[in-house]
Amino acid sequence: MTISYEYVEEIDSTNNELKRRAAEGKCQQYDVLSAGTQTGGRGRSGHTWSSPVGDSISTSMILFPKQVSPRHIPRITPMAAVAVAETIEELCGLSAGIKWPNDVLINKKKVCGILNELIPDDEGRPDHVVVGIGVNVHIREFDPAISDMATSLDLEIEALGRPANTHCGAITVGIWEHFAKHYEAFLHTEDLSEVVSYYNDRLVNKGQQVRVLDPISPFEGEALFMDETGALHIMTSDGERIVDSGEVSVRGLYGYI
Ligand code: BTN
């Protein structure tokens, strides 16, 4: 497996650029594009994603999971969260948490968001996946609307009384090396067996009362664990229910988590 890295100072969105290149047949599996800033960074659910110049990581990798069953492709998402958590723990000495399915947190505040996009071919079959990762690295002030829920690596390292000497390039390489290793395992099993125990050890929703925002019938319960398919198990007053990340999102009843 060879990961090929490219860095540009500015782009609308690293996800968008890899999708454009794929449409022109100009990229291959494990190509990574990172940017110093994004002018049109995108988050999940149609939100924007802010990437202040030089203070954050905006990076995307392209995959061509042709041999993977289409319904298993969303399982790639939790793997990316695991890769980020592993890298933060190894390179920054911080304890990372994961909010299902794929926000990475430190001290219950979000430090990383992940946007995975599946692009079909002309016949509607999955063609490629772009895994987009944004990490707050040197950011010291957040928009008041999100300051209770967001943090950066430097803020958290300094809160421990240590000088922050975080390096965006090293963190980016760490993330993608971990991710590619997990992805290669996934290509054999098509499940999350290789990472599920690490994931659940860091699952911040575990034991929390959550509201499942099912568009047809929302419900509440206690989050239990993620299984090898990436689904979240929730104990409700009517028994255990299982929810899939592609269909619903989950909110804490008493706050962000
Ligand atoms: C989220 O809403 O939590 C997901 C944020 C994903 C942001 C990353 S930054 C790199 C890539 N390019 C984008 O436009 N978005 C993703």
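Select aspartate 154 and histidine 138 to begin: their side chains make a polar contact of 2.7 Å. The model on display is predicted. Aspartate 154 is placed in helix 3, residues 153–159. Its relative accessible area is 4%, so aspartate 154 counts as buried, the cut-off being under 20%.

**The ligand site**

Next, select the ligand and the residues around it. The shell holds 20 residues, and those that come nearest include Ser13, Gln38 and Arg42, together with Arg44 and Lys110.

Which atoms of the protein should be displayed here? Show the side chain of glutamine 38, where an N or O atom is 2.9 Å from a nitrogen atom of the ligand. Add the side chain of threonine 14, which has an N or O atom 3.3 Å from a nitrogen atom of the ligand. For arginine 44, display the backbone: one of its N or O atoms lies 2.7 Å from an oxygen atom of the ligand. With these contacts on screen, turn on the ligand surface; the ligand taken alone exposes 420 Å², and the protein buries 97% of that area.

Now colour the shell by secondary structure. Two or more residues each come from helix 1 (14–23), strand 3 (56–63), strand 6 (109–120) and strand 7 (126–136). Which element gives the most to the shell around the ligand? Strand 6 does, with 4 residues. Recolouring by class gives 12 polar residues in the shell, beside 4 nonpolar and 4 charged ones.

**The second largest pocket**

Move on to the second largest pocket, which has a volume of about 200 Å³. It is lined by 15 residues; select Tyr7, Ser34, Cys168, Gly169 and Thr172, the closest to the pocket centre. The elements that contribute two or more residues to this lining are strand 1 (4–11), strand 2 (31–38), strand 3 and helix 4 (168–189). Helix 4 supplies the largest share, 4 residues. By class, the lining of this pocket comprises 6 nonpolar, 7 polar and 2 charged residues.

Strand 3 deserves a separate selection at this point. Strand 3 is among the elements that give two or more residues to the ligand shell, and it is also among those that give two or more to the lining of the second largest pocket.

**Backbone geometry in the loops**

Three loop positions remain to be inspected. Select tryptophan 100 and proline 101 and check the bond between them: it is a cis peptide bond, with omega of about 0°. Proline 101 belongs to the loop that runs between strand 4 (97–99) and strand 5 (103–106).

Then select tyrosine 30, in the loop between helix 1 and strand 2. Its phi is near 75°, a positive value in a residue other than glycine. Is tyrosine 30 buried or exposed? With a relative accessible area of 5%, tyrosine 30 is buried.

Finish at lysine 108, whose place is in the loop between strand 5 and strand 6. Lysine 108 is not a glycine, yet phi is again positive here, at about 65°. The relative accessible area of lysine 108 is 62%, so this residue is exposed, the cut-off being over 50%. Thus the two loop residues with positive phi may be viewed as a pair: tyrosine 30 is buried, whereas lysine 108 is exposed.

Terms used: Residues are numbered from 1 along each chain as its sequence is written. This is a predicted model: local features need pLDDT of at least 70, side-chain atom pairs count only at pLDDT 80 or more; totals for chains, interfaces and linings use all residues. Side-chain values use heavy atoms; hydrogens and water are left out. A residue is near a molecule or strand if one of its heavy atoms lies within 4 Å of it. A polar contact is a pair of N or O atoms within 3.5 Å; within protein, one must be able to donate a hydrogen and the other to accept it, and residues adjacent in sequence count only if both atoms are side-chain atoms. Accessible areas come from the Shrake-Rupley method with a 1.4 Å probe; for residues, only the protein chains shown count as cover. Ala, Val, Leu, Ile, Met, Phe, Trp, Tyr, Cys and Pro count as nonpolar, Asp, Glu, Lys and Arg as charged, and the others, Gly among them, as polar. On a 1 Å grid over the protein atoms alone, a cavity is a set of points where a 1.4 Å probe fits but cannot get out, and a pocket is an open set with protein on both sides within 12 Å along at least five of seven lines; lining residues have an atom within 4 Å of a point. Grid points are joined across faces, edges and corners, and a volume is the space filled by probe spheres set on the points. Buried means under 20% relative accessible area, exposed over 50%, partly exposed in between (1.4 Å probe, protein chains only).
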